[in-house]
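Please open the model in your viewer and keep the sequence panel in sight. We will go from stop to stop, selecting a few residues each time.

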Amino acid sequence: MQVEPDKKLADLYDKYNPDMVFSTSLSNYDFDVPVAREAKRRKIHLVGMGRSWDNFSSHGLLRALPDVLLVQNEFLASMAPMHQAIDLNKLPIKIVGIAHYDPIANLQNIIEPREKFLTRFGLVKNDKYVLYGAMGSFLFKHEDELPEVFEELMASGKLNVNKFIYRAHPKFKKTDFSDKL
């Protein structure tokens, strides 16, 4: 099936006339896929990567194969040809690491002493905490039940902690159960 190019996207390509396009998420159908397909249609060099560990195995076939595929690790380098229409003789795969973890390479700039961290969040040094990093209700439909579950576990003594700390999924500004916290 031939997909017609988006007029606004085609206008951007006409205006900027890129020599290369870098797609950071080859399986993102809202943005990266149309951008990558337009690059391929125009025969512009396309460099692309999967956004996460499961993109090659669970997000369907890539709609546009890049000229160079960047992956985060050896596992993804093996997953790409296993689950995608990739011929390793024609498509080079380069292992480059995980870009959004680059700040961790310089840990002294982001790690603070435990006491300073606890003070910043109003936490007590010797108390025990559970930190829950939320996935969002789109991945875990019963996530809004967790405050009550943790409250019951703490009250019954089955969970020996002083506080339950919730960290919302970074994609969402509001939790589904912020009114319960």
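**First stop: helix α6**

Select Glu151, Glu152 and Ala155: these exposed residues (exposed means over 50% relative accessible area, buried under 20%, partly exposed in between, with a 1.4 Å probe and protein chains only) sit on the face of α6 turned away from its buried side. Helices here are DSSP runs of H or I with at least four residues, strands are runs of E with at least two, and both are numbered from the N terminus.

Before going on, a word about what is on screen. This is a predicted model, in which local features need pLDDT of at least 70 and side-chain atom pairs count only at pLDDT 80 or more, while totals for chains, interfaces and linings use all residues. Residues are numbered from 1 along each chain as its sequence is written, and side-chain values use heavy atoms, with hydrogens and water left out.

Now colour Leu146, Pro147 and Phe150, which are buried in α6. Looking down the axis of α6, you will find its buried residues within an arc of 100 degrees, so they line one face of the helix; the arc is taken from the directions from the helix axis to the C-beta atoms. What do the buried residues of α6 pack against? Show β5 and β6 to see the partners of these buried residues; contact means heavy atoms within 4.5 Å. Just after α6 comes glycine 157, with a positive phi near 85 degrees.

**Second stop: the strands beside α6**

Select residues 129–133 and add β6: β5 and β6 pair in the parallel sense over five bridges. Two strands count as paired if DSSP finds at least two bridges between them. Within this pair, leucine 131 stands opposite isoleucine 165 of β6.

Next, select residues 163–167 and look at the two faces of β6. Phe164 and Tyr166 are on the covered face, and Lys163, Ile165 and Arg167 are on the uncovered one. In a regular strand the side chains alternate between the two faces of the sheet.

Then show β5, helix α6 (residues 146–156) and β6 together: they form a right-handed β-α-β unit. Right-handed means that, with the strands pointing away from the viewer, the path from the first strand over the helix to the second runs clockwise.

**Third stop: serine 27 and phenylalanine 56**

Move to serine 27, in the loop between β1 (20–23) and α2 (32–41). Is serine 27 buried or exposed? Its relative accessibility is 9%, so serine 27 counts as buried. Its side chain makes a polar contact of 3.4 Å with the side chain of asparagine 55. A polar contact is a pair of N or O atoms within 3.5 Å; within protein, one must be able to donate a hydrogen and the other to accept it, and residues adjacent in sequence count only if both atoms are side-chain atoms. Setting aside residues up to four places away in sequence, serine 27 touches Val33, Asn55, His59 and Leu62.

From there, go to phenylalanine 56 in helix α3 (residues 55–58). Phenylalanine 56 and serine 27 are 29 residues apart in sequence and 8.2 Å apart in space, C-alpha to C-alpha. Phenylalanine 56 is buried, with a relative accessible area of 2%. Beyond its neighbours within four places in sequence, its contacts include Leu62, Leu69, Val71 and Met79.

**Fourth stop: lysine 94**

Select lysine 94 in strand β4 (residues 93–95). With 45% relative accessibility, lysine 94 counts as partly exposed. Add Val68, Leu69, Leu70 and Val71, which lysine 94 touches when residues up to four places away in sequence are not counted. Glutamate 74 is 20 residues from lysine 94 in sequence and 9.4 Å from it in space, C-alpha to C-alpha.

**Fifth stop: two loops with positive phi**

Most residues other than glycine have a negative phi, and most peptide bonds are trans. Asparagine 17 has a positive phi, near 45 degrees; look for asparagine 17 in the loop between α1 (7–16) and β1. At 58% relative accessibility, asparagine 17 counts as exposed.

Lysine 43 also has a positive phi, near 60 degrees, and lies in the loop between α2 and β2 (45–49). Lysine 43 is exposed, at 76% relative accessibility.

**Last stop: the whole chain**

Zoom out to see six helices and six strands. From the N terminus on, the elements run α-β-α-β-α-β-α-β-α-β-α-β. Buried residues make up 29% of the 181 residues.
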